[in-house]
Amino acid sequence: MILKIDRIKKSFDTVCVLNDFSMKINEEEIVCIIGPSGCGKSTLLNIISGLLVPSEGEIINNSPDISYVFQEDRLLPWKNVYENIKIVNKKCSMEKCLDLIRKVGLEGFEGYYPSELSGGMRQRCSIARAFNYDAGLLLMDEPFKSLDYNLRLDMIRYLLELWESTKKSIVFVTHEIDEALLLGDRILILSGRPARVIKEFDIKILKAKRSLAAPQLVKVRNEIIYLLQDKEGRTRDNRPRGLISNLNTLNLSL
Ligand SMILES: Nc1ncnc2c1ncn2[C@@H]1O[C@H](COP(=O)(O)OP(=O)(O)O)[C@@H](O)[C@H]1O
Ligand SMILES: [Mg+2]
């Protein structure tokens with residue numbers, strides 16, 4: 001086990017965001033977290049990373065260090081792709097740096113500056129940088145939110161490529177059920193505030209071999225949609241239900 005969160009509580013003024021919240025993250029595991037907007041997902045990651053301190057409960061952290069990927073890429077604009085990746089780990093050899101660049105499909109763009117790259121390329125650079133940082137645990141807070149659906153699927157492929165070679169533990173927060181289905185060893189569904197885990201799914205299919213059309217994943221997706229619905233039948237992330245159901249018929253094997 002790399003991290004254990006035991007019955008933590010966190011409030012902002014009168015708003016209780018997390019109460020009696022527990023979860024654990026095992027070695028080499030990707031845990032995906034889905035929950036309604038404003039339920040406390042980013043707060044949870046901020047607590048795991050030590051940016052925020054819970055008022056109650058305990059965090060047992062066995063990872064020497066933690067890296068964090070945000071929704072925006074946060075690259076240094078005056079450094080090129082190679083330098084942005086290298087900067088977080090001075091000991092990283094040029095060879096390893098170039099290998100990371102290749103794994104996220106940026107071969108040939110080593111000398112490009114962030115302003116010369118598309119949003120997807122910048123985010124790939126940011127993810128390669130996170131993998132270059134010598135941390136056992138990687139936190140990702142809706143990292144693909146600004147990208148369109150097909151680009152997200154590409155990003156998942158790149159992320160899995162990096163994960164296969166490092167097996168870092170990852171906590172991946174997302175609004176997109178399909179991202180969680182393709183990436184997660186476990187998927188945790190959170191309730192509204194104060195957030196608690198209302199359901200946990202174990203996905204046993206090998207990550208490199210997953211297809212969204214696999215019967216187990218279709219079943220899990222339908223259960224997640226049901227869990228995220230409000231009383232009016234809207235999904236809590238405001239997506240029309242029909243659109244999500246239609247995706248059941250797509251075969252997006254990686
Ligand atoms: N620094 C803060 N000060 C006050 N309220 C905050 C702060 N950070 C988050 N909140 C509140 O806590 C709740 C959960 O926020 P957040 O963790 O960002 O939700 P999520 O990431 O699930 O959308 C929201 O109501 C938000 O307004
Ligand atoms: Mg958030």
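I take helices (H or I, at least four residues) and strands (E, at least two) as DSSP runs numbered from the N terminus, and I keep in mind that this is a predicted model.

**Entry 1, Arg 196.** I looked up Arg 196 and found it in the loop between strand S8 (186-190) and strand S9 (197-202). I counted 18 other C-beta atoms within 10 Å of Arg 196, and since a residue is buried at 20 or more and exposed at 12 or fewer, Arg 196 is therefore partly exposed. Setting aside its neighbours within four places in sequence, I noted that Arg 196 is in contact with Asp 20, Phe 21, Leu 190 and Ser 191. I also checked Ile 34, which is 162 residues apart from Arg 196 in sequence but 11 Å apart in space, C-alpha to C-alpha.

**Entry 2, ligand 1.** I listed the residues around ligand 1, and they include Phe 12, Val 15, Val 17, Gly 35, Lys 41, Ser 42 and Thr 43. Strand S2 (15-25) and helix H1 (41-49) are the elements that give two or more residues to this shell, and H1 gives the most, with three. Sorted by class, the shell has four nonpolar, six polar and one charged residues.

**Entry 3, H4 and H5.** I then turned to helix H4 (residues 119-132) and helix H5 (residues 149-166), whose axes come within 11 Å and cross at roughly 15°. Angles under 35 degrees count as roughly parallel, so I record H4 and H5 as roughly parallel to each other. H4 passes H5 in a right-handed crossing. The contact is made by residues including Gly 120, Ile 127 and Phe 131 of H4 and Leu 151, Met 155 and Leu 162 of H5, and by class it has seven nonpolar, three polar and one charged residues.

Methods
Residues are numbered from 1 along each chain as its sequence is written. Chains are lettered from A and ligands numbered from 1 in the order in which they are written. This is a predicted model: local features need pLDDT of at least 70, side-chain atom pairs count only at pLDDT 80 or more; totals for chains, interfaces and linings use all residues. Axes are lines fitted to C-alpha atoms, for helices over the stretch in contact, and angles run from 0 to 180 degrees between N-to-C directions. Angles under 35 degrees count as roughly parallel, over 145 as roughly antiparallel, 65 to 115 as roughly perpendicular and the rest as oblique. A crossing is left-handed if the near helix is turned anticlockwise from the far one by less than a right angle, and right-handed if clockwise. Two residues are in contact if their C-beta atoms, placed from the backbone, lie within 7 Å. Ala, Val, Leu, Ile, Met, Phe, Trp, Tyr, Cys and Pro count as nonpolar, Asp, Glu, Lys and Arg as charged, and the others, Gly among them, as polar. A residue is near a molecule or strand if its C-beta atom, placed from the backbone, lies within 6 Å of it.
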